[in-house]
Amino acid sequence: MASGILLAATGLTKAFGSRPLFERISVAVDAGDRVGLIGPNGAGKSTLLSLLAGAEPPDEGTVTPTRGLVVGYLAQVPLFREGATIRETVMEGAKSHGAGEEEWKAGQAADEFIARLSLTVEDRAPGTPVARLSGGWRRRVALARELVRRPDLLLLDEPTNHLDVEAILWLEGLIARAPFATITVTHDRLFLQRVANRILELDPRNPGGLLDVRGNYETYLTVKEARLSADVEREASLRNRLRRETEWLRRGPKARSTKQQARIQRAESLGGEVEELAARTRSGSVRLDFQSTGRNPKRLIEAKGVGKGYGGHSLFQGLDLLVTPESRLGLLGPNGCGKSTLLRVLLGTEAPDTGEVLRAENLSPVVFEQGRESLDPDSTPAKTLCPEGDKVEFRGAFVHIKSYLDRFLFRPEQMDMAVGRLSGGEQSRLLLARLMLKKTNLLVLDEPTNDLDLATLDVLEECLSDFPGAVLLVTHDRWFLDRVTNQILAFGKEANGDGTLVSLAGLDQWEAWRAGAAEPRPGRDEGKTQNAALTPSVRKRRLGYLEQRELDGMEGRILAAEEARDLLKAECERPENATDGPKLVELMGQMELRQSEIDRLYERWDELQRRASETDPPG
């Protein structure tokens, strides 16, 4: 497929019942695009992807692919023919190549992709029925079915859900090197940062319903912040003008000249623009606040020499672990390696094979289970949280169920909707809402990030940081893991490892360890102490004449650099620049360079001040 526009969508509108998902959306996809499609839960991301794939029609508007365009589409919940095997399923994509010799080549391609996705090991032989596979392996089969089509454009709806971290890293590499364009709906921010070269944010608060940013996730954050700042300032300015116009109208001048009529119309127009800007800057977010039991013991859980295995296969062994109220422990490893089993052993719902686990008498854990099994699909959100009456008790006060559900962005009409009809993100929010009603000193979260939108993930991160108890976390969302935890327990690089667990300080160390370039060390705080202890003793050299002059002038250099950065920020926030994408990206790039220089100056200032305060040790 030649370079240029692959697919153009114009004026797309889609509604479910009386509620519009989006209206008059227009977008074009170019060859070489690695698009990350983001937005709040319920904005219609999956629906938009389905329209672009041609899987369903829009209510209004058109989707125009270039001639001969081959589109692959991995749906959020892939469908499989009943009884189909792995190879038969993959061949469904390959058969589009034709019959005879071409079909034979397609079969060879299918076998190639089956091998590339590791679908030929253990109980995943090509003749294995897809129905016998786990959710993660089903997604791999569905992905192989789309890849074997040799698409020009691949549409992926939450491809990292149910995949373990090794599979996510493989997928990152695949997309980064792919000869085809991609559009990926995902809430995995590290995936977006490493793969995307363009971000589309679908949100009715954006002008035209869609924000289009060329660049990775970090670039999107910078542009989004600048636009919101510009909108806030413009809204304040317009409100002042609107107030003056309204005061004039209330004085009721006797004569209504043409100019005066124009002023009335201008006031009405200003009112509409103010409301539009207010809606754009107003953001509804989930309000999370887990209740603590109060005073916590210093030792919540202590594991001594704990081991567990099945069928002669060791999941983990010789584990010594102390969980305190300050613990933020993340478990990381491939599917099937034993992460959920370790949680059950620590909580006492499953016995260890070796060793012992000591638990505080007043240990009060609450558990977010990966499959949300505790939610009754036939119940309603109101009955799930409040089986009797219409009020829940939260933080010592009784709150009406409607108000409580509003904290989690549930609309009034969803109160009595079947839980099974809620989206995955809404079910996750409902489970969090139920956990918040319980007092706890230990939060156990098994894949809590699946299906949650970015805004909710940000709130959950902050909430966990403020929680006074301990957190045990299993997640394949590496961004979330790194921001929430202060220690990672990493299982072996293969699900059938030797049962060894490695303690690491953070994601960067895990990636280095995975690549074989780093040795494990304790969590961040302990690691710093250890590193300091291992640092060779060196003789400190005091500042020379030129370095002292550099130190004396450093504060002025930093102030000048910050003033230059602030001028660039002011330029970004000017309305004419905030709406000019290319200009804004250029200014953001300059501002980023200026900020990097400021950071460097501060580091140098700290170094010079530290050395200036030191004296030579006695010889």
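Student: Why is the meeting of the Arg395 and Asp289 side chains called a salt bridge?

Tutor: Keep in mind that this is a predicted model. The N to O distance between Arg395 and Asp289 is 2.8 Å, and the cut-off is a side-chain nitrogen of Lys or Arg within 4 Å of a carboxyl oxygen of Asp or Glu. So the pair counts as a salt bridge. Arg395 sits in the loop between β16 (391-394) and β17 (397-400), and Asp289 in the loop between α8 (258-281) and β10 (291-292), so to speak distant parts of the chain, 106 residues apart.

Student: What makes Arg395 partly exposed?

Tutor: Its relative accessibility is 46%. Buried needs under 20% and exposed needs over 50%, so Arg395 falls in between and counts as partly exposed. Asp289, at 29%, gets that label because it also lies in between.

Student: How do you know that Glu201 and Lys224 form a salt bridge?

Tutor: Their closest N and O atoms are 2.7 Å apart. Since the limit is 4 Å, the pair passes. Glu201 belongs to strand β8 (residues 198-202) and Lys224 to helix α7 (residues 217-250), with their positions 23 residues apart in the numbering. Both Glu201 and Lys224 are buried.

Student: What about Glu302 and Arg299, which side-chain distance goes with their salt bridge?

Tutor: That one is 3.0 Å, N to O. Arg299 has a relative accessibility of 47%, so it counts as partly exposed. Elsewhere, salt bridges with shared partners tie Arg81, Glu88, Glu92, Arg145, Glu146 and Arg149 into one network.

Student: How many salt bridges does the count come to?

Tutor: The count is 31 salt bridges. Side chains of opposite charge can pair when their charged atoms come close.

Student: And how many disulfides are there?

Tutor: Zero. A disulfide needs two cysteine sulfur atoms within 2.5 Å, so a count of zero says that no pair meets that rule.

Student: Why is Cys386 called buried?

Tutor: Its relative accessibility is 4%, and buried means under 20%, so Cys386 qualifies. Cys463 comes out buried too, because its relative accessible area is 10%.

Student: Is Thr13 buried or exposed?

Tutor: Thr13 is buried: its relative accessible area is 10%, which is under 20%. Thr13 lies in strand β1 (residues 5-16). Leaving aside neighbours within four places in sequence, Thr13 is in contact with Phe22, Glu23, Arg24, Pro58, Asp59 and Glu60.

Student: What makes a space a cavity, and how many of 30 Å³ or more turn up here?

Tutor: In a cavity a 1.4 Å probe fits but cannot get out. A search of the whole structure finds six of 30 Å³ or more. The largest cavity holds about 130 Å³ of space. Its lining has 15 residues, with Thr160, Asn161, Thr449, Asn450 and Asp477 the closest to its centre. By class, the lining of the largest cavity has two nonpolar, eight polar and five charged residues.

Student: How much space lies in the second largest pocket?

Tutor: About 1200 Å³. The second largest pocket has 40 lining residues, and nearest its centre are Ser46, Gln76, Leu422, Ser423 and Gly424. The elements giving two or more residues to this lining are β2 (19-30), α1 (45-53), α4 (135-147) and α12 (424-435). By class, the lining of the second largest pocket has nine nonpolar, 19 polar and twelve charged residues.

Definitions and conventions. Residues numbered from 1 in each chain as written. Predicted model: local features only at pLDDT ≥ 70, side-chain atom pairs only at ≥ 80, totals over all residues. Heavy atoms only, no water. Buried < 20%, exposed > 50% of the residue type's maximum accessible area, 1.4 Å probe, protein only. 1 Å grid on protein atoms, 1.4 Å probe; cavity = no way out; pocket = protein on both sides within 12 Å on 5 of 7 lines; lining within 4 Å. Points joined across faces, edges and corners; volume = space filled by probe spheres on them. Nonpolar A, V, L, I, M, F, W, Y, C, P; charged D, E, K, R; others polar. Helix = DSSP H or I, 4+ residues; strand = E, 2+ residues; numbered from the N terminus. Contact = heavy atoms within 4.5 Å.
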